[in-house]
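I opened this notebook page to record what I looked up in the structure, entry by entry. My notes begin with one side chain and work outward from there.

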Amino acid sequence: MNIHLIHGRAEELGIFNEFDIIMARAVAKLNILVEMALPMLKINGYFVAFKSIHYQEELDQAKHAIELLGGKVEKIINYTLTEDLQHVYILIRKIKHSPKIYPRSFAKIKKSPL
């Protein structure tokens, strides 16, 4: 198995349709993260978003972006680090190509999220 890790900001990498897995901490709302991550994934690749246990509203707001960019929510995994520290992994599989106009510049994404 060949594994190559890349640590960086999605908006600076400029790589499309290449990755099997992309992971992101809770650095932005899910609809913003999805627009940056899904265009970089291969078909059948996974985007793993780390979110708080209060993720449902964010996921609801991101459903349009997930569909538009070719993704499908596969699974939500709850995990507990301590009693006071609970999170979820949201696993989104890319099932079709993202439209070529995405991702937009980060300034546009932030100003007008999908």
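**Entry 1, a buried acid.** I looked up Glu35 and found this residue buried, with a relative accessible area of 0%; buried means under 20%, exposed over 50%, and partly exposed in between, with a 1.4 Å probe and protein chains only. What does Glu35 form a salt bridge with? The partner is Arg104, and the closest N and O atoms are 2.8 Å apart, where a salt bridge is a side-chain nitrogen of Lys or Arg within 4 Å of a carboxyl oxygen of Asp or Glu. This pair links distant parts of the chain, 69 residues apart, with Glu35 in helix α2 (residues 30-37) and Arg104 in the loop between β4 (85-94) and α4 (106-111). Helices (H or I, at least four residues) and strands (E, at least two) are DSSP runs, numbered from the N terminus. Arg104 is partly exposed, at a relative accessible area of 23%.

**Entry 2, how I read the model.** This is a predicted model, in which local features need pLDDT of at least 70 and side-chain atom pairs count only at pLDDT 80 or more, while totals for chains, interfaces and linings use all residues. Residues are numbered from 1 along each chain as its sequence is written, and side-chain values use heavy atoms, with hydrogens and water left out. The mean pLDDT (the predictor's confidence in each residue, from 0 to 100) is 90 for the protein, and 96% of its residues reach 70 or more. Among the elements, I noted the lowest mean pLDDT, 70, for helix α1 (residues 10-13) and the highest, 97, for helix α3 (residues 56-68). I keep in mind that where pLDDT is low, the predicted coordinates should not be read in detail.

**Entry 3, other salt bridges.** The structure holds five salt bridges, and I looked up two more of them. Lys51 and Glu58 meet through their side chains at 2.6 Å, N to O, and Lys51 is buried, with a relative accessible area of 4%. Glu74 pairs with Arg93, the closest N and O atoms being 2.9 Å apart; Glu74 sits in strand β3 and Arg93 in strand β4, 19 residues apart. Glu74 is partly exposed, at 35% relative accessible area.

**Entry 4, the sheet.** I traced an open sheet of four strands in the order β1-β2-β4-β3, with mixed pairing, where two strands pair if DSSP finds at least two bridges between them. Its edge strands are β1 (19-24) and β3 (71-82), each pairing on one side only. β1 and strand β2 (residues 41-52) pair in the parallel sense over five bridges, and Phe19 has Leu41 in β2 as its bridge partner.
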